[in-house]
Amino acid sequence: MSSTSGPRASRRARRRQAVRLLRARGLYGPRFREVLPPLALFVTSVCCLVALLALGYRALGIAAPVTGALAVTGAVALWLRRRRPGARRRVGYYTRDELLELDTEGLALAVARMLRRDGWRVRLIPAADRPRVCARNAEGRHLDVAFRPVAEPLPDEDAAHPHPRRGKRDEEVLHLVVHRGSFAARDVRWATRDGRTHLLDGLALRRWAAGERLGELLAEER
C-alpha cells in the first residue's frame, strides 16, 4: 500500500502545486464560485424571458412571442455592434493595447472622443507634431489639452498653450497634459506650482479610456 500510495500522493501534490502556480499567473481560468453568480443570473434571465413569452402567447396568441423574439434579437445585435472595436472607440472607449498603438494624432482623437463621452463640447486642432484639443463643458469650464511623447512640459519650458482664449482670461483656462508614460517628479512639482495645469499619466489615461470620468481622475490628482 505504501509503495502505491506514495507516488499517487506525490503526483497529486505536484498537480496541486501546478494549479496554484497557474492560478497565481491568471492562466488556469476562473473557479466555480466565480462562475456561479453570472451563470445563475443568465439562467434566471432565460427562465424569466421564456415565462414572459409563454404568458404573452396565452394572452395575445402567436404575435406576442414573435414580437418578443424580434425584440431580443434586435437588442443582441445592437449590443454586439456596440461591442465592436470600431464602434466602441467612436464613443470613447479604448483598451490598453489600443492606446499603445496610437500615434500622437491618434491619441488626440481618442482624448477628444473621451471628452465628448463625458459631456464636453470639443474642438480638435490637428497637427503633425503637436495636436491640441480645446473643450468646454456645460458649467462653462474651458480645457486645453496638450500631448507629449515624453514627460513634458518641463520646468524650463513654456506653458502648453501660452495664448489666452478670446473673451476668456488665461487664469480661467485649465491645461491638461496627456502622457502615456509616467511624469518625472519635477514635472509634478512644476504643475503643482502652476496651479492651472493637470498631468494625466498612462495609468490615469487607461482608467479614463475604460470608462471613468475625467473629473474624478483630476480630483484624485489634487
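1. In this predicted model, Ala135 has Leu143 of strand β3 as its bridge partner. A second bridge of this kind links Cys134 to Asp144, the latter again in β3. Strand β2 covers residues 132-136 and strand β3 residues 142-147, and the two pair in the antiparallel sense over five bridges. In the hairpin that β2 and β3 form, five residues lie between the strands, and Gly140 takes a positive phi near 85°.

2. Strand β2 also has a pairing with β1, which is antiparallel and includes five bridges. Arg136 in β2 stands opposite Arg121. As general background, the strands of a sheet pair through backbone hydrogen bonds, in either a parallel or an antiparallel manner.

3. The sheet as a whole is open and has five strands, in the order β1-β2-β3-β4-β5, with mixed pairing. Strands β1 (121-125) and β5 (197-200) stand at the edges; each has a single partner strand, so one side of each is left without a neighbour in the sheet. On average, neighbouring strands of this sheet are turned by 20° against each other, direction ignored.

4. Helix α6, residues 104-117, packs on the sheet and touches β1, β2, β3 and β4 (173-178). The direction of α6 makes about 155° with that of β3.

5. Helix α6 packs with helix α8 (residues 202-210) as well, at an angle of about 55° and with the axes 10 Å apart. The two helices are therefore oblique to each other, and their crossing is left-handed.

6. Which residues meet where α6 and α8 pack? From α6 come Leu107, Val111, Met114, Leu115 and Arg117, and from α8 come Leu205, Trp208 and Ala209. The residues of this contact divide into seven nonpolar, no polar and one charged.

7. A remark on confidence is in order. The mean pLDDT of the protein is 77, and 73% of its residues reach 70 or more. Where is confidence lowest, and where is it highest? It is lowest in helix α1 (residues 2-24), with a mean of 66, and highest in α8, with 93. Over residues 150-165 the pLDDT is below 50, and this stretch has 37 contacts in the model beyond near neighbours in sequence.

Terms used:
Residues numbered from 1 in each chain as written. Predicted model: local features only at pLDDT ≥ 70, side-chain atom pairs only at ≥ 80, totals over all residues. Heavy atoms only, no water. Pairing = 2+ DSSP bridges. Helix = DSSP H or I, 4+ residues; strand = E, 2+ residues; numbered from the N terminus. Axes fitted to C-alpha atoms, helices over the stretch in contact; angles between N-to-C directions. Contact = heavy atoms within 4.5 Å. Parallel < 35°, antiparallel > 145°, perpendicular 65-115°, else oblique. Left-handed = near helix turned anticlockwise from the far one by under 90°. Nonpolar A, V, L, I, M, F, W, Y, C, P; charged D, E, K, R; others polar. pLDDT = per-residue confidence, 0-100.
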